[in-house]
Amino acid sequence: MKNYPTSKVRNVALMGHTGSGKTTLAETMIFESGSSHKRGSVENKSTLSDYHEIEKEKEKSVFGSVLHLDWRGTKINLLDAPGTPDYWGQVSDSLRVADSAILVMNSEYGVEVGTEAFWKASELRNLPTLLVANKLDSEQSDFQKTVDMAKERFGRGVVVVQFPYSEGDDFHAIVDVLKMTMYEFPEAGGRPDKLPIPESLKAQAELLHNELVETIAENDESLLDLYFENGKLDEYQMRDGLKLGMLNRDIFPLFCTVAGKNMGSGRIMGFIGNVTPDPTEKELTLKSGKTHKVNPDENPALFVFRSTSESHVGDLTYFKVMDGSVQHGMDLFNQRTGDSLRLGALFSPQGEKRTEVAQLDAGDIGVTVKMKNTMSGNTLTDKGIDLEFEPINYPEPTIRVAIELLNEGDEDKLSNALHQIEKEDPSVSVEHSQELQQTILHGLGEEHLNVILYELQNRYNLKVEFITPRIPYRETITRKSEAYYKHKKQSGGAGQFAEVYLSIEPWYEGIPDRDDLNVRNVQEIELDWGGKLVFQNCIVGGVIDNRFMPAILKGIMEKMENGPMSGCRVRDVRVSVYDGSMHSVDSNEAAFKTASLMAFKEGFLNASPQLLEPLYEIEVTLPADYMGDVMSDLSSRRGQILGMDSEGSIQKVKAIVPLQELDKYTTRLKSMTQGSATYTRQFHDYGPVPNDIQKRVIEETLSAEAG
């Protein structure tokens, strides 16, 4: 395979809501370019990108894939990203190394919720983006509705470059208002004939052409002057203006395709080669916050954006060359680990297939094998070079399950499998909870978790089940109480003696000092599980020696880790030790630890204890049609609505919801909205649980202790 200089490389993220046809478009582009001799299809399970067994089963993308093609001397790397929010982690790394994006819209539905999510993601990455209206041969296609929705959601920078001669079964031609030409396709698809625009469409074409010219001129003063002077811009001036407008995200050109019949892909590839930016034209962010541009003349540097593994190959490391060029056998330095690494064989990926290359230049994307301790987000450079790119930001999980291992003795095997899954998909989070005595798997949705279950069962041959995880409740108190405990033990030889008096009360920010006690020392302890313990030494007259105070604190802390009411951890209390007694011979640290633990337990249970539950702030994005159902469902989940916002027909609802009510929420939300709604969540705080839940949790704890 030949080597491509940086100026002849384009890295394009291919995005779209599930069912928009982006994978079919990728297949068509590769076939049309001559880079593949056969055009695969999703239905026949033969596409280059959806090659995993589970993707063939589901007939949709689950994993991100990297493809490439040559279009008239330009190498176009396509980063095909899954269209389902559950697999958004695979989107994050694709967008991280793309220099531009294609956002595919299904012209039957226009801008869907997934389309909007991809738009926001490309906006965050500041990616030049072109839009594609696909499936124009469908009887339900509505090109004008799709254009109107795109302009409403994405702004007046959306400009029509092409419109269909006709839609539905009669689709056979596209009018291009940049080139002012009509492309007529043979019935079987493929290369079109270039024809004059029919008289019946000339007025529409000229109107859209003028809109395109005016939009381009508005974003470039020199072109605006030329436009005022000549009343028009030529094709090359328009190309330059489009490139600048796209780089600044002021212009979003819209094209037409019927990807399933190979109609329209060639024009898009030509536009990518002629107009979209090469890798040197995009600013990148370093970990330090400074900016950087890809430079073929600098020392070699590459950025790892994905790690996978194949049974017959081992670890595969996907990377983008950021500076210089890289060759097989080159020694590089991992900026994160400090390790020196030697590059193995280099390949240009084509989905599951790979073509070996001798060299990759700045801006290009490649894959290599057997790179130890190298993972997504790592920067590799020459030794002595101080350069590290910002890490990849992955989405926060929205669902969790507990993993139950059915075969004893497979614990290490499960641990290794989860480590590999987490490495390959950093949007997965594995939590080994000592508090809950469970291994908790956090993911982006039920589909996401089902893929992981499939991997555990089929790839790693583990017998596991997913079960509902326990809730990490907390305990606190609602009023002040006093307690004491005398620990006295005499059984031959040295005995044990300790007596502790303490006052326990709820702690809150700004709590007044105790003016009824002689506070000698205060320790404020930020608890690992959240909240605070304020421990006050109020001993006077030396009734308890200072050397026993750490033991008293240790006893209190031990009981706080296994709360008096339900066994859940305690938070937000102030404990004041104000009296007690000791024995000159029998008092020791163990005795005072026991006495304080028992005193704390008694005082806590007499202080109107309250069970707390974790609360999450969620944001639901949904079409307006489903607003009533979603709001009603949130209320049934004890949700507290914080506010609502709208962007066109897309609504956003913010609410505070208990974690217990969110465990199956993704499934319910998709069911209510026909899969069109998504949500994000982040931890908010702990709050009191209703009395019936508190009673049930306590009963379950007592039952477990008894049985």
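Here is a friendly conversation between a student and a tutor about a predicted model.

Student: What should I know about the numbering and the values before I start?
Tutor: Residues are numbered from 1 along each chain as its sequence is written, and side-chain values use heavy atoms, with hydrogens and water left out. The model is predicted, so local features need pLDDT of at least 70, side-chain atom pairs count only at pLDDT 80 or more, and totals for chains, interfaces and linings use all residues.

Student: How many helices and strands does the chain have?
Tutor: Both are DSSP runs numbered from the N terminus: helices are H or I with at least four residues, and strands are E with at least two. Counted in this way, the chain has 16 helices and 38 strands.

Student: What box do the C-alpha atoms of the chain fill?
Tutor: The box is taken along the principal axes. Its dimensions are roughly 105 × 60 × 55 Å.

Student: What percentage of the residues of the chain count as buried?
Tutor: Buried means under 20% relative accessible area, exposed means over 50%, and partly exposed lies in between (1.4 Å probe, protein chains only). The chain has 707 residues. The buried share of them is 57%.

Student: How many residues of helix H9 are buried?
Tutor: Helix H9 covers residues 265-274 and is mostly covered. Among its buried residues are Arg267, Met269 and Phe271. Of the 10 residues in H9, the number buried is nine.

Student: Which residue in S27 stands opposite Ile403?
Tutor: Ile403 has a partner in strand S26 too, where it stands opposite Thr439. Two strands pair if DSSP finds at least two bridges between them; S24 (residues 399-405) is joined to S26 (residues 438-443) by five bridges in an antiparallel arrangement. S24 also pairs with S27 (residues 464-467), again in the antiparallel sense, over four bridges. In S27, the residue opposite Ile403 is Phe466.

Student: Which residue is the bridge partner of Arg474 in S35?
Tutor: Strand S28 (residues 474-477) has Arg474 and Thr476 pointing one way and Glu475 and Ile477 the other way, and all are buried. In a regular strand the side chains alternate between the two faces of the sheet. S28 pairs in the parallel sense with S33 (residues 569-570) over two bridges, whereas four bridges join it to S35 (residues 609-623), and these two run antiparallel. Arg474 stands opposite Arg569 in S33, and in S35 its bridge partner is Leu612.

Student: How many salt bridges does a search of the whole structure find?
Tutor: Side chains of opposite charge can pair when their charged atoms come close. A salt bridge is a side-chain nitrogen of Lys or Arg within 4 Å of a carboxyl oxygen of Asp or Glu. One network of salt bridges links Glu505, Arg514, Asp516 and Arg574. Over the whole structure, the number found is 39.

Student: How far apart in sequence are Asp70 and Lys2?
Tutor: The side chains of Asp70 and Lys2 meet in a salt bridge (3.8 Å, N to O). This pair links distant parts of the chain, with Asp70 in strand S2 (residues 65-71) and Lys2 in the segment before strand S1 (9-16). Their separation in sequence is 68 residues.

Student: Why are Glu199 and Lys202 separated by about one helical turn?
Tutor: Their side chains meet in a salt bridge (3.1 Å, N to O). Glu199 is exposed at 62% relative accessibility, and Lys202 is partly exposed at 35%. The separation is about one turn because, in helix H6 (residues 199-218), the two are apart by three residues.

Student: Are Asp633 and Arg637 buried or exposed?
Tutor: Asp633 forms a salt bridge with Arg637, and their closest N and O atoms are 2.7 Å apart. As for cover, both Asp633 and Arg637 are buried.

Student: Is Gln434 buried or exposed?
Tutor: Gln434 lies in the loop between strand S25 (429-433) and S26. From Gln434 to Ala205 the C-alpha atoms are 67 Å apart in space, with their positions 229 residues apart in sequence. Because its relative accessibility is 69%, Gln434 counts as exposed.
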